[in-house]
Amino acid sequence: MQKHFPVSPSHSAVNVDVVTSPGGLRFWLVPSYAVPLVSLEFAIRGGAAQDPAEKAGLGALTAGLLDEGAGELDSQAFHRALDEKAVEMSFHCDRDHSGGRMRTLIKNLDRAAELLRLAVNAPRFDEEPFERVREHLNARLRHDANDPGTLANRNWKAKSFPHHPYGQPADGTLETLARIERADLVDAARRGMARDQLMIAVVGAIGEKDAAALVDKAFADLPAKAKLKPVAEAAFAGLGAIEKIDLDVPQSTIRFGRPALKRDDPDFIASVVAAHVLGGSGNMTSRLFREVREKRGLAYTVFGTFYSLDHGAYFYGGTTTKNERARESFDVASAEIRDVALNGLSKEELEKGKTYLIGSYPLRFDTSAKIASQLVHIQLERRAPEWLVERNREIGAVTMESVKRAAHRAFGDGSLHTTVVGRPEGF
Amino acid sequence: MTSSASTAPHVVNFTLANGLDVVVIPDHRAPVVTHMVWYRNGAADDPPGKSGIAHFLEHLMFKGTKRHPKGAFSEFISEVGGMENAFTGNDFTAYFQQIAKQHLKACMAFEADRMTGLILTDDIVAPERDVVLEERRMHCDSDPGAQLGEAVQAALFTHHPYGIPVIGWGREIEGLNREDALAYYRRFYTPENAILVVAGDVEPDEARALAEETYGKIKPRGAKPERIRPAEPPTVANRLVTVADDKVEQPGWQRHYLAPSARTAREGEAEALEMLAHLLGGGQTSFLYRTLVIKEKLVVSAWSYYHGAALDESRFIAHMTPAPGVTLEALDKAFDRALARFVEDGFDAGDLERAKTRLVADAIYARDSQSDLARWYGSSLAIGQTMRDVEEWPARMERVSAEDVIQAARGWLVHKPAVTGHLTPLVDEAA
């Protein structure tokens with residue numbers, strides 16, 4: 001029996017002001033006074049793609065040291081200063097950008113802004129925290145050294161994007177981290193932290209004037225232009241290949257993928273709908289979930305989704321199945337991918353997929369921090385605030401024809417590059 | 001109807017005629033609601049020999065009812081762009097959805113329906129049992145760290161079911177069947193045993209009317225199901241549990257102490273333990289971090305955690321990662337030394353002040369997330385705490401004194417029997 005439910009209104013509850021500060025910085029602002037706090041998120045283009053191959057992890061290490069002492073404050077003094085006012089601050093490095101987030105009670109805004117300014121403009125990179133944080137990253141690498149998911153992921157990326165930064169692990173290796181010197185950190189921060197690559201969102205109990213003052217205090221003194229090295233388009237390798245990594249575990253961890261459409265491709269949005277129906281994360285009605293998990297009990301997790309980066313795009317999916325049935329699991333998943341590639345979606349699948357993607361969009365905006373993060377994400381995708389509404393309009397406009405064309409272009413003949421970790425039977 | 005304003009403004013609670021407890025947390029910032037149902041039963045209520053049944057049933061709750069065939073509820077949530085999930089703990093099982101507000105009633109109707117209408121057949125139960133076994137293989141059987149965690153728990157709780165993993169032991173999961181699931185379902189899935197939490201863009205009166213129209217129709221059973229669990233006997237034994245595996249390249253160290261939970265503690269004791277965990281090992285300004293990471297450079301990370309949110313006697317935990325070349329045996333001593341110094345020398349008034357600032361701020365930060373608030377209320381009520389317990393928590397933390405913290409450390413940690421866990425690479429002695 002097919003039931004119909006009213007589609008949730010696609011209106012966005014988020015009202016974004018695009019503000020230019022007196023210092024000349026553009027940022028997106030969402031005033032929201034229900035809770036007396038402010039969330040700020042920022043991103044700077046560059047990221048791990050700027051890491052030299054022999055010093056992979058440089059961006060991650062640099063980001064990890066921004067809150068480990070700045071200005072007059074050494075590491076302990078800086079952390080104590082954060083604690084005194086309950087200011088939360090963290091920094092990260094993604095593949096195409098690095099960034100950070102800060103959250104504070106509105107009453108502590110001035111101190112929070114000052115601490116953010118110090119971290120962004122005057123990190124000390126002292127010897128003690130440098131060695132400590134590097135050792136911490138080393139420990140994490142050793143901890144994950146034989147983790148099946150980490151092994152599969154690292155191998156798959158390295159073999160899919162050889163000779164490209166996307167094939168390098170963003171958190172480096174024991175060898176590459178060991179090669180990094182303090183001068184590298186200073187250089188990375190000086191070259192990368194600049195106003196022309198900066199994206200900012202501020203959300204919370206704050207008006208335009210105060211938000212602009214916060215943004216200027218933290219970022220206005222940064223150099224005008226970043227010195228980024230050009231990054232080539234990432235060519236995809238390994239289609240049709242299956243690599244096996246032997247590990248003495250009862251399950252086989254399978255990761256697979258192939259090249260896909262980039263964000264600026266006219267069929268991109270239609271391909272996102274196709275991937276959602278195929279194996280969207282959290283989609284308990286997806287084809288892969290139904291065929292691999294529900295019908296056959298082959299796995300607890302199974303997924304497939306697109307990653308669209310600045311210099312390449314790919315489909316990436318996987319599942320984890322006991323060794324004896326690993327081949328069956330892989331074959332079932334591959335067959336579904338081929339089917340979507342060849343035949344697209346059914347009318348019903350398309351409509352349901354669209355309704356879900358449209359209706360679930362507001363759920364990404366239910367806390368100040370999540371709103372700030374989404375707004376920076378949209379800026380990183382080089383889109384305007386109108387995207388908050390346009391996104392759902394574009395999804396709504398996907399047709400049977402466009403989704404079939406997009407699926408065919410994105411999944412091609414359905415061939416995959418695959419890595420299997422474990423003791424799989426049948427491979 | 002009671003209402004309070006200390007942690008979240010205008011939180012309202014009431015009980016329906018059939019015994020279902022309801023909490024409403026209004027938050028009108030976005031046209032979204034979080035809808036959760038918490039059952040006051042978890043893995044620690046699994047019958048002997050049937051470990052994993054609470055968690056297995058949680059999976060089976062998605063398999064359809066008399067009124068709604070398998071997948072209909074999930075399809076509905078998916079079609080309206082909602083999110084859903086469920087989780088099982090030692091003391092509770094919870095189901096939640098996040099949806100646009102106009103779908104709240106339909107969502108309530110589905111959830112109320114599966115409180116009593118579940119239908120299970122063998123051809124549905126069997127593949128789902130395989131899914132759970134794969135879940136176990138993935139999270140436990142392929143990861144030496146997780147295997148150590150299970151062994152440490154089993155050593156700490158020798159008799160109480162907190163010693164059994166929530167997902168269950170593999171051999172017992174293999175034996176679970178339809179009858180086990182239904183028997184457990186009939187015993188615990190009742191209005192008297194459930195707590196409904198609705199957070200988001202809804203007024204309490206409206207939520208109440210909707211709850212009465214849906215959940216209110218379920219017949220009461222007359223009494224809450226009883227949770228009968230054996231008590232953990234006192235012990236004087238220290239235990240060392242070791243997992244050596246050739247997949248381990250980074251050794252790890254942990255220690256677990258028995259400690260009262262928020263339910264079993266004397267007044268103020270759980271708060272003192274919480275503060276102790278914060279001052280001893282809560283972040284980079286904590287005592288363990290300053291002493292063992294920064295000063296002595298014996299470890300690269302150190303943290304401690306107090307698990308107060310439990311029905312029965314619970315645990316206090318410390319974890320450390322050794323620096324290269326430092327043995328786990330050296331960490332046994334280093335931790336004891338650090339703990340002794342913490343108790344003898346105490347800490348600065350400023351440390352306690354900063355910890356309190358942080359905890360009070362956390363209560364405000366929590367108000368930014370309707371689903372976090374819903375979780376906080378739901379999990380607290382599910383272990384038998386009251387609305388007042390939840391709302392007065394920041395005020396009670398403010399009252400913790402330095403003396404209370406030291407007393408808690410002396411009372412539960414210093415020279416107390418504990419389980420120490422060592423995760424090490426496999427060294428071939430013969431080689």
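## A walk through two sheets and an interface

Visitor: Welcome me in gently: how many residues does the contact take from chain A and from chain B?
Guide: Happy to, and keep in mind that this is a predicted model. The contact draws on both chains, with 48 residues from chain B and, from chain A, 54 residues.

Visitor: Which element gives the largest share of the side of chain B that touches chain A?
Guide: The elements that give two or more residues there are α2 (72-79), β6 (93-100), α4 (122-141), β10 and α12 (349-366) of chain B. By class, this side of chain B has 17 nonpolar, 16 polar and 15 charged residues. The largest share amounts to nine residues, and it comes from α4(B).

Visitor: Now to chain A: why is one side of β1 and of β6 left without a neighbour in the sheet?
Guide: Six strands of chain A make an open sheet with mixed pairing, in the order β1-β2-β8-β3-β7-β6. In chain A, β1 (17-20) and β6 (88-93) stand at the edges, so one side of each has no neighbour in the sheet, as each has a single partner strand.

Visitor: Which residue of β7(A) is the bridge partner of Phe42(A)?
Guide: Look at strands β3 (residues 37-45) and β7 (residues 97-105) of chain A, which pair in the antiparallel sense over nine bridges. Across from Phe42(A), the bridge partner in β7(A) is Gly100(A).

Visitor: What angle does the direction of helix α1 of chain A make with that of β6(A)?
Guide: Helix α1 (residues 58-65) of chain A packs on the sheet, where it touches β6 and β7 of chain A. With the direction of β6(A), the helix direction makes about 170°.

Visitor: On to chain B: which strands are the edge strands of its five-strand sheet?
Guide: This open sheet has the order β8-β12-β9-β11-β10 (chain B), and its pairing is mixed. Two strands pair on one side only, and these are β8 (239-245) and β10 (299-307) of chain B.

Visitor: Which residue of β12(B) is the bridge partner of Val241(B)?
Guide: β8(B) and strand β12 (residues 418-425) of chain B run parallel and are joined by seven bridges. In β12(B), the partner of Val241(B) is Gly421(B).

Visitor: At what angle does helix α11 of chain B run to β11(B)?
Guide: Helix α9 (residues 269-281) of chain B packs on this sheet, touching β9 (252-259), β10 and β11 (314-322) of chain B, and its direction makes about 175° with that of β10(B). Helix α11 (residues 328-345) of chain B lies across β9, β10, β11 and β12 of chain B. Its angle to β11(B) is about 125°.

Note on methods
Residues numbered from 1 in each chain as written. Chains lettered and ligands numbered in written order. Predicted model: local features only at pLDDT ≥ 70, side-chain atom pairs only at ≥ 80, totals over all residues. Pairing = 2+ DSSP bridges. Helix = DSSP H or I, 4+ residues; strand = E, 2+ residues; numbered from the N terminus. Contact = placed C-beta atoms within 7 Å. Axes fitted to C-alpha atoms, helices over the stretch in contact; angles between N-to-C directions. Nonpolar A, V, L, I, M, F, W, Y, C, P; charged D, E, K, R; others polar.
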